[in-house]
Amino acid sequence: MKIEVCYTPELIKQFDLKGKIVVVIDVLRATSCMVAGMGSGVETIRPVSSIEACTELGAKGYIMAGERGGKKVEHFNMGNSPFEYMEDAVRGEKVATTTTNGTKAIELSAEADEIIVGAFLNLSAVVNYLEIKGKDIVLFCAGWKGRYNLEDSLFAGAVCNGLRNTAAFEDDATLSSLFLYQSMKDDLSYYISRSNHAARLSSFGILRDIEYCAKIDEFSVVPKLLDDHLVL
């Protein structure tokens, strides 16, 4: 089993995804929302790249969720907070979501054999799933508008750390994420809160979201993309 880390969507074209499992990572906050929602009883989540596509699904009965630049899309039912995804009102419902970074990364992973979403909230579940599957892996960090970010890279390193005894690390990008995580793992919440993306989001008054997204193993679910929908 081989692991590669892609740090931004701008780099994904350098990776051969065929036959591999892609783990899409957008810790602040798209994949954390998806994990929290699926772990709290949302029936399914449909990630889409555009506001227009999400609005069309809203007309078909989906709850519309999403953001641009960290801010909730004005006419949507929900923004991009994991707490919104855990509310009773969305339990058993279908959610359509579009975000600045995470949903784009999912769309760019289309050639993969499997696409799952990961966050610190389901870290152990993701590691266990990958270990059982035994396929080659690409850890795909959504980053921020095509650029590197700290929190996604830390999660990639956490997965590498969990698989360090059973997987081969393909390159220095993968080793870097592992060493980054190992150097910061004792105070993840602090380092995530110091990231540039966290600073952007803090200006919207969502410190509670940032703190929650740093929690480990709140859920044991592994959302997987099937027929354009995330299911368990």
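Reader: What makes Cys-141 count as buried or exposed?

Author: In this predicted model, Cys-141 has a relative accessibility of 1%. Buried means under 20%, so Cys-141 counts as buried.

Reader: How do you know that the sulfur of Cys-141 is too far from the closest cysteine sulfur for a bond?

Author: The closest cysteine sulfur belongs to Cys-6, at 7.3 Å from that of Cys-141. A disulfide needs two cysteine sulfur atoms within 2.5 Å, so the pair is too far apart for a bond.

Reader: What about the sulfur of Cys-160, and is Cys-160 buried or exposed?

Author: For Cys-160 the closest cysteine sulfur is in Cys-141, 9.2 Å away, which is again too far for a bond. Cys-160 has 0% relative accessibility and therefore counts as buried. How many disulfides the whole structure holds was also searched, and the result is zero.

Reader: Why is helix H6 called largely enclosed by the rest of the structure?

Author: Because eleven of its 13 residues are buried. These are Glu-151, Asp-152, Ser-153, Leu-154, Phe-155, Ala-156, Gly-157, Ala-158, Val-159, Cys-160 and Asn-161.

Reader: How do you know that the span of H6 agrees with its 13 residues?

Author: At 1.5 Å a residue, H6 should span 18 Å, where the rise is multiplied by one less than the number of residues. The end C-alpha atoms of H6 are 19 Å apart, which agrees.

Reader: Why is H6 called roughly perpendicular to H7?

Author: H6 (residues 150-162) and H7 (residues 172-184) pack at an angle of about 95 degrees, and their axes are 7 Å apart. Angles of 65 to 115 degrees count as roughly perpendicular, so that term applies to H6 and H7.

Reader: Which residues meet there, and what kinds are they?

Author: From H6 come Leu-150, Ser-153, Leu-154, Ala-156, Gly-157, Ala-158, Cys-160 and Asn-161; from H7 come Thr-174, Ser-177, Leu-178, Leu-180, Tyr-181, Gln-182 and Met-184. The residues of this contact divide into nine nonpolar, six polar and no charged.

Reader: What makes Val-127 count as buried or exposed, and what does Val-127 contact?

Author: Val-127, in helix H5 (residues 123-133), has 9% relative accessibility; that is under the 20% cut-off, so Val-127 counts as buried. Leaving aside neighbours within four places in sequence, Val-127 is in contact with Val-159, Gly-162 and Leu-163.

Reader: Why is helix H1 called largely enclosed?

Author: Nine of the ten residues of H1 (residues 30-39) are buried, so the rest of the structure largely encloses H1. Among them are Ala-30, Cys-33, Val-35 and Met-38.

Reader: What is listed for the backbone on either side of H1?

Author: In the loop between strand S2 (21-25) and H1 lies Arg-29, and the peptide bond from Leu-28 to Arg-29 is cis, with omega near 10 degrees. Just after H1, Gly-41 takes a positive phi of about 110 degrees.

Reader: Which residues other than glycine have a positive phi, and are they buried or exposed?

Author: Lys-145 is one of them, with phi near 50 degrees. Lys-145 sits in the loop between strand S8 (137-141) and H6. Its relative accessible area is 56%, and exposed means over 50%, so Lys-145 is exposed. Asp-227 also has a positive phi, near 50 degrees, and lies in the loop between strand S10 (224-226) and strand S11 (229-231). At 72% relative accessibility, Asp-227 therefore counts as exposed.

Key:
Residues are numbered from 1 along each chain as its sequence is written. This is a predicted model: local features need pLDDT of at least 70, side-chain atom pairs count only at pLDDT 80 or more; totals for chains, interfaces and linings use all residues. Side-chain values use heavy atoms; hydrogens and water are left out. Axes are lines fitted to C-alpha atoms, for helices over the stretch in contact, and angles run from 0 to 180 degrees between N-to-C directions. Helices (H or I, at least four residues) and strands (E, at least two) are DSSP runs, numbered from the N terminus. Angles under 35 degrees count as roughly parallel, over 145 as roughly antiparallel, 65 to 115 as roughly perpendicular and the rest as oblique. Contact means heavy atoms within 4.5 Å. Ala, Val, Leu, Ile, Met, Phe, Trp, Tyr, Cys and Pro count as nonpolar, Asp, Glu, Lys and Arg as charged, and the others, Gly among them, as polar. Buried means under 20% relative accessible area, exposed over 50%, partly exposed in between (1.4 Å probe, protein chains only).
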